[in-house]
Amino acid sequence: MAGPGACYTDADLEGKKKDSIYHQVKEFLDKGETLAVATIVSTKGSTPREVGAKMVVTAWGEILGTIGGGCGEADVKREAIEVIRTRKPRTVRIDLLDDISSDSPAVCGGIMNVFIDPWWQDSKPEAAGTK
Amino acid sequence: MTSLSEELVQISEQGAAAVLATVVEVDGGAKVESGAKCLVRDGKVVTETIGDARVIQAIVEFVDPATAP
């Protein structure tokens, strides 16, 4: 049983382990779909998420996870769909300075660079030692 | 053969710690491609697509400085 102040019970944590972003990625890959994994690789100033935050985009534009929401996330989603189409990774610069008067919580005034990487079943690396 | 996604799922289910390094930028004539990956767990390479031993060694040393010569 969880102690005082705990956010999750042990059962909740077990469920979360089986519902990680990687479980969802594997499900899509097993179905033969190509995905784009967007990762924040650097930030400057105030940004909604930290370096390492990930978001997965499907070919249909479905999003798993978040890199902060708002217009920046929409830009990344659009680029991600292009990455899925071309299967070529790219880094995009998301400038959150543009629309400082917006009510969006994602407008933080900073800049983040997001690496968008295509994943598909054939792209899987071999286990070490099998080469 | 174990895929990267299977390894990541296993690590997640075990609640284990690991590092997935991804090449995000390449300058000059390096033969490593952007998007190449290396999964390191317990100081050992589990799976990789980088293909350059020096780069892999640098990643392992960065992840676990105790492995540096």
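In which order do the strands of the open three-stranded sheet of chain B lie, and is their pairing parallel or antiparallel? In this predicted model, the sheet follows the order β1-β2-β3 of chain B, and the pairing is antiparallel. The points below begin with this sheet and the helix that lies across β1, β2 and β3 of chain B, then turn to the strand pairs of chain A, and end with two residues that have positive phi without being glycines, A:R87 and B:D42.

**The sheet of chain B**

- At the edges of the open β1-β2-β3 sheet of chain B are β1 (19–22) and β3, each of which pairs on one side only.
- Between neighbouring strands of this sheet the turn is 25° on average, if direction is ignored.
- The antiparallel pairing of β2(B) with β3(B) extends over four bridges, and within this part of the sheet B:V40 is found opposite B:V45 of β3(B).

**Helix α1 of chain B**

- Helix α1(B) lies across β1, β2 and β3 of chain B, and its direction makes an angle of about 30° with β2(B).
- Within this helix, which spans residues 4–14, the buried residues are B:L4, B:S5, B:E7, B:L8, B:V9, B:I11 and B:S12.
- After α1(B) comes B:G15, a residue with a positive phi near 65°.

**Strand β5 of chain A and its partners**

- Strand β5 of chain A, made up of residues 111–119, is mostly covered, with eight of its nine residues buried.
- Strand β1 of chain A (residues 35–44) runs antiparallel to β5(A) and is joined to it by nine bridges; A:T43 has A:M112 as its bridge partner in β5(A).
- Strand β4(A) is also antiparallel to β5(A), with six bridges joining the two, and here A:R90 has A:I116 of β5(A) as its bridge partner.

**Positive phi outside glycine**

- A:R87, which is not a glycine, has a positive phi of about 55°; its place is in the loop between α3 (70–86) and β4 (90–95) of chain A, and with a relative accessible area of 36% A:R87 counts as partly exposed.
- B:D42 likewise has a positive phi, near 55°, in a residue other than glycine; B:D42 belongs to the loop between β2 (37–41) and β3 (44–48) of chain B, and its relative accessible area of 66% makes it exposed, since the cut-off for that class is over 50%.

Technical notes
Residues are numbered from 1 along each chain as its sequence is written. Chains are lettered from A and ligands numbered from 1 in the order in which they are written. This is a predicted model: local features need pLDDT of at least 70, side-chain atom pairs count only at pLDDT 80 or more; totals for chains, interfaces and linings use all residues. Side-chain values use heavy atoms; hydrogens and water are left out. Buried means under 20% relative accessible area, exposed over 50%, partly exposed in between (1.4 Å probe, protein chains only). Two strands pair if DSSP finds at least two bridges between them. Axes are lines fitted to C-alpha atoms, for helices over the stretch in contact, and angles run from 0 to 180 degrees between N-to-C directions. Contact means heavy atoms within 4.5 Å.
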